[in-house]
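Biologist: I've got a fold open on my screen and some bench-side questions about it. Can we walk through it together?

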Amino acid sequence: MYDKEFYNLVDKHNLTIAQAEGFLTAYCALEHNLNHPKYGNRWEILSARRSLTRVIYEASLIKISGYMTEDAKSILVNKLLDKKEKKKLTTDDHILSPQSYAHFICTRWDLFKDNLDNFFLHMLLLSTTVKSTVEENNKFKKFTVNDATTGNVLRLRVPTEKRYEAAGVKKLFNKNTGKYVFDFPFELSDEFLEFEKEYLLIWK
């Protein structure tokens, strides 16, 4: 059985029990791996980082924000396309790479190790999606690099807040308000922005 804190977080963040269990499993796995009694902080071992970031990736969700790109909106309202065609042409794009954000969480575990609420909050942030076209999503993917050019270390070509603009997406439609926004509409913490600039960006 879980304690009262767990169920309070389920209600606070509007999660299902299964979703919250996924977050909690990731939290417990990270807590153990980042402070292991025998192996210490496994994040300091470069070869272990991919498996640790996968823990966070596997626990992430698809949290629909209600925002969509202009091209995705055009497809979704096109009466000449059926539901299957619309699904084939559009996708739910995470507003930031879950595995990139995992680097932040693991490096700054001090922000989360005694704060399950904060961990849940950031898991929901990295789970947030914007409806885009498949073509646009393929452009977004190119902003995350992990190959010989970066020493096989995950890096970002552009800041998260500029990724849509860099891909030619000038505005996002908010389905909930019926209005367009021209700036990145999601709030990122100062700690993440500092980390992104210092450790993730190829250019600064």
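Modeller: Sure, and keep in mind that this is a predicted model. Let's start with Thr 90: ignoring neighbours within four places in sequence, Thr 90 is in contact with Ala 72, Ile 75, Leu 76, Lys 131, Ser 132, Thr 133 and Val 134.

Biologist: Okay, and which strand is the place of Thr 90?

Modeller: Among the contacts of Thr 90 are Lys 131, Ser 132 and Thr 133. Those numbers fall within strand β3, residues 128-133. Thr 90 itself has its place in residues 90-94, which is strand β2.

Biologist: Does Thr 90 count as buried or exposed, and at what relative accessibility?

Modeller: The cut-off for buried is under 20% relative accessible area. Thr 90 falls under that and so counts as buried, with a relative accessibility of 8%.

Biologist: How far apart are the C-alpha atoms of Thr 90 and Asn 8?

Modeller: Along the chain, Thr 90 and Asn 8 are 82 residues apart. In space, their C-alpha atoms are separated by 35 Å.

Biologist: Now the sheet. Which strands stand at its edges?

Modeller: It's an open sheet of five strands with mixed pairing, in the order β2-β3-β1-β6-β7. An edge strand has a single partner, so one side of it is left without a neighbour in the sheet. The two strands in that position are β2 and β7 (179-181).

Biologist: In which sense do β2 and β3 pair, and which residue in β3 stands opposite Asp 92?

Modeller: β2 and β3 are joined over five bridges, in the antiparallel sense. One of the pairs puts Asp 93 with Val 130 as its bridge partner. Asp 92, for its part, stands opposite Lys 131.

Biologist: And what about β1: which strand is joined to it in parallel?

Modeller: β1 (residues 63-69) has three bridges to β6 (residues 172-174), and that pair is antiparallel. Thr 69 has Leu 172 as its partner there. On the other side of the pairing list, Ile 64 is partnered with Thr 129, and Met 68 stands opposite Lys 131. Those last two pairs belong to the parallel neighbour, joined to β1 by three bridges: β3.

Biologist: How many residues of β3 are buried?

Modeller: Its neighbour β1 is mostly covered, with five of its seven residues buried. β3 is largely enclosed by the rest of the structure, because the buried count there is five of six.

Biologist: Let's do helices. Which way do α6 and α7 run relative to each other?

Modeller: The axes of α6 (residues 98-107) and α7 (residues 116-127) come within 10 Å and cross at roughly 155 degrees. Over 145 degrees counts as roughly antiparallel. α6 and α7 are therefore roughly antiparallel.

Biologist: Which residues make that contact, and how many are charged?

Modeller: From α6 come Pro 98, Tyr 101, Phe 104 and Ile 105, and from α7 come Phe 119, His 122, Leu 125 and Leu 126. Sorted by type, that contact has seven nonpolar residues and one polar, and the number of charged ones is no charged at all.

Biologist: How many residues of α6 are buried?

Modeller: The buried set includes Tyr 101 and Phe 104, along with Gln 99 and His 103. α6 is mostly covered, and the buried count is nine of 10.

Biologist: What angle do α2 and α3 pack at?

Modeller: Gly 22, Phe 23, Ala 26, Ala 29, Leu 30 and Asn 33 in α2 meet Leu 52, Val 55, Ile 56 and Ala 59 in α3. Those residues divide into eight nonpolar, two polar and no charged. The axes of α2 (residues 17-33) and α3 (residues 49-59) are 9 Å apart, and the angle is about 170 degrees.

Biologist: Last one: how are α1 and α2 placed to each other?

Modeller: α1 (residues 4-12) and α2 have axes 10 Å apart, at about 120 degrees. In the contact, Phe 6, Tyr 7 and Val 10 of α1 meet Ile 17, Ala 20, Glu 21 and Leu 24 of α2, with six nonpolar, no polar and one charged. The crossing of α1 past α2 is right-handed. As for their placement, α1 and α2 are therefore oblique.

Note on methods. Residues numbered from 1 in each chain as written. Predicted model: local features only at pLDDT ≥ 70, side-chain atom pairs only at ≥ 80, totals over all residues. Heavy atoms only, no water. Axes fitted to C-alpha atoms, helices over the stretch in contact; angles between N-to-C directions. Helix = DSSP H or I, 4+ residues; strand = E, 2+ residues; numbered from the N terminus. Parallel < 35°, antiparallel > 145°, perpendicular 65-115°, else oblique. Contact = heavy atoms within 4.5 Å. Nonpolar A, V, L, I, M, F, W, Y, C, P; charged D, E, K, R; others polar. Buried < 20%, exposed > 50% of the residue type's maximum accessible area, 1.4 Å probe, protein only. Pairing = 2+ DSSP bridges. Left-handed = near helix turned anticlockwise from the far one by under 90°.
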